[in-house]
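Me: Please take a close look at a single helix in this model and describe how enclosed it is. I would like the answer to run on into whatever surrounds that helix, with the cut-offs given as you go.

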Amino acid sequence: MSATPQAPAPAAKASFKFPFWAQIVTGLALGVLFGWLAKSQDISWLGTTLEKIGDIFIQLLKLAVAPLVFFAILVSITNLRKVNNAARLASRTLLWFMITSLIAVGIGLAIGLLTNPGAGTGLTPQDGKLPKHQGSWIDFLTGIVPKDIVTPFTELNVLQIVFLAAVAGIAALKLGNKAQPVLTLAESVLELLQKALWWVIRLAPIGTVGLIGTAIATYGWDLIGKYATFTADVYIGSALVLFGVYPLLLATVAKVNPLQFFKGAWPAIQLAFVSRSSVGTMPVTQKVTERLGVPKEYASFAVPFGATTKMDGCAAIYPALAAIFIAQIFDVQLGIKEYVLIAFVSVVGSAATAGLTGATVMLTLTLSTLGLPLEGVGLLMAIDPILDMMRTAINVAGQAVVPVIVSAREGILDKNAYAAASSSPLEEPARTPVAVAA
């Protein structure tokens, strides 16, 4: 007895999906609109609402920062045992971090010298004030080692958390199989944290409305006018690095299509622009880096390492321009020696920024090294949120570029995966990791 043939099921209606990048753009537009309304119409409740929305989003990101950094660094160090030529990969990564930072600081200095951002602003030394948080080389060096285990996590001292994680990771490598239960737990906790952070990341469009709206409602367009040259310098310098230097290195050194890089990495770059946090963006950065063909074992080391040390925006372009800006306000002449010192601080001291919102510590470290008045930091605090968006976007782009370059140079980049990299990391399944060749 034959079965009665069934009629084919009706085709499911295609559901419309609102892409994540479009959600971010919509959030930006709404933030500007609501911020303008709150400022121009003096709607206090709207300004307060925008501020609370932005604060909650940033607080949710910061909530995961301390444990995320610790377990990401610990796991990334232990993952190096799975990679052939791990020491070579680590050294090449650090070398390219330094090279790109030098290029970025050079661009920042060149733009600052050409445009004189501190001239004609109407600002005076009396407008400055000492920052709440300062940085010096003594504080930087002595501050690496924590006094106890708890304080770095409660006070969110990322540099000390990195130190603790590095010590734990190296100790785990030395212990070998005895440390496997701890590593298994660490990997599970890291996955749990990343999963929870993905939920926060999905709120980014809403957070964007609050953050951008607050910036416009608080500062308006008048303040930007005073800092027009400086703001333009930061954005132009960052754009030159993002759309000039990085594509050039990808095309000539890595020998890959730069446009494909932007397609794959754009979700992380746009989230960094909104969140102003390299560490908060780290799970997205790692995911897009893997989808660009970088082996998972290497990416899990390079991206967390970069998220806490690789800062082409906050630690290269910005302090170079800020030093020139502040020197002009305070009528201090800078020479070749000072410019060399700026480059040195940018390469060596970038870990001071620690992947959090803002670059005050790095700027005070630069100013103290140059002997410039720290009150100059106060001149830039009002405009900092607007600058920090672009700075963080460049930071994250660089954190993805370097692993691609190193992987391509070492012959371990999956070119097929690179060519097929998706622009929507939130919706597609993870790519199967590619084994690292010798």
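Reply: A residue is called buried when its relative accessible area is under 20%, exposed when that area is over 50%, and partly exposed in between (1.4 Å probe, protein chains only). This is a predicted model, in which local features need pLDDT of at least 70 and side-chain atom pairs count only at pLDDT 80 or more, while totals for chains, interfaces and linings use all residues. Residues are numbered from 1 along each chain as its sequence is written, and side-chain values use heavy atoms, with hydrogens and water left out.

The helix I have chosen is α12, residues 296-309; helices (H or I, at least four residues) and strands (E, at least two) are DSSP runs, numbered from the N terminus. The protein has 18 helices and 0 strands, and 55% of its 438 residues count as buried. In α12 itself, 11 of the 14 residues are buried, so the helix is largely enclosed by the rest of the structure. Those buried positions are Tyr 298, Ala 299, Ser 300, Phe 301, Ala 302, Val 303 and Pro 304, followed by Gly 306, Ala 307, Thr 308 and Thr 309. As for its length, the end C-alpha atoms of α12 are 20 Å apart, which agrees with the 20 Å that its 14 residues should span at 1.5 Å a residue; the expected span is 1.5 Å times one less than the number of residues.

What encloses α12 can be read from its packing partners: its buried residues pack against α2 (44-79), α3 (86-115), α6, α11 and α17 (384-410), where a contact means heavy atoms within 4.5 Å. Contacts between parts of the chain that are distant in sequence are also prominent in the overall count, since residues 24 or more positions apart account for 85% of the contacts in the protein with a separation of 6 or more.

Among these partners, α6 (residues 158-175) has 18 residues and reaches 25 Å from its first C-alpha to its last, close to the 26 Å expected. Its buried residues are Val 158, Leu 159, Gln 160, Ile 161, Val 162, Leu 164, Ala 165, Gly 169 and Ala 172. Asn 157 lies in the loop between α5 (151-154) and α6, and with a relative accessible area of 26% Asn 157 is partly exposed. On the other side, α6 is followed by Gly 176, whose phi is positive, near 70°.

Two other partners, α3 and α17, are connected by a salt bridge, a term that stands for a side-chain nitrogen of Lys or Arg within 4 Å of a carboxyl oxygen of Asp or Glu. Here the side chains of Arg 88 and Glu 410 meet at 2.7 Å, N to O, and the pair links distant parts of the chain, with Arg 88 in α3 and Glu 410 in α17, 322 residues apart. Arg 88 is partly exposed, at 39% relative accessible area. The loop between α3 and α4 (137-142) holds Asn 116, which has a positive phi of about 50° although it is not a glycine; at 36% relative accessibility, Asn 116 counts as partly exposed.

Within α17, Asp 388 forms a salt bridge with Arg 391, the closest N and O atoms being 2.8 Å apart. Being 3 residues apart in α17, the two are separated by about one helical turn. Asp 388 counts as buried at 0% relative accessibility, and Arg 391 is likewise buried, with a relative accessible area of 0%. Both belong to a network of salt bridges that also links Arg 276 and Asp 384.

Coming back along the sequence towards α12, one more charged pair deserves mention: the side chains of Lys 310 and Asp 312 meet in a salt bridge at 2.8 Å, N to O. Lys 310 counts as buried, at 0% relative accessibility, and Asp 312 counts as buried with a value of 0% as well. A search of the whole structure finds 5 salt bridges. A contrast in exposure is given by Asp 331, in the loop between α13 (313-329) and α14 (336-348): Asp 331 is exposed, with a relative accessible area of 63%, and its phi is near 55°, a positive value in a residue other than glycine.
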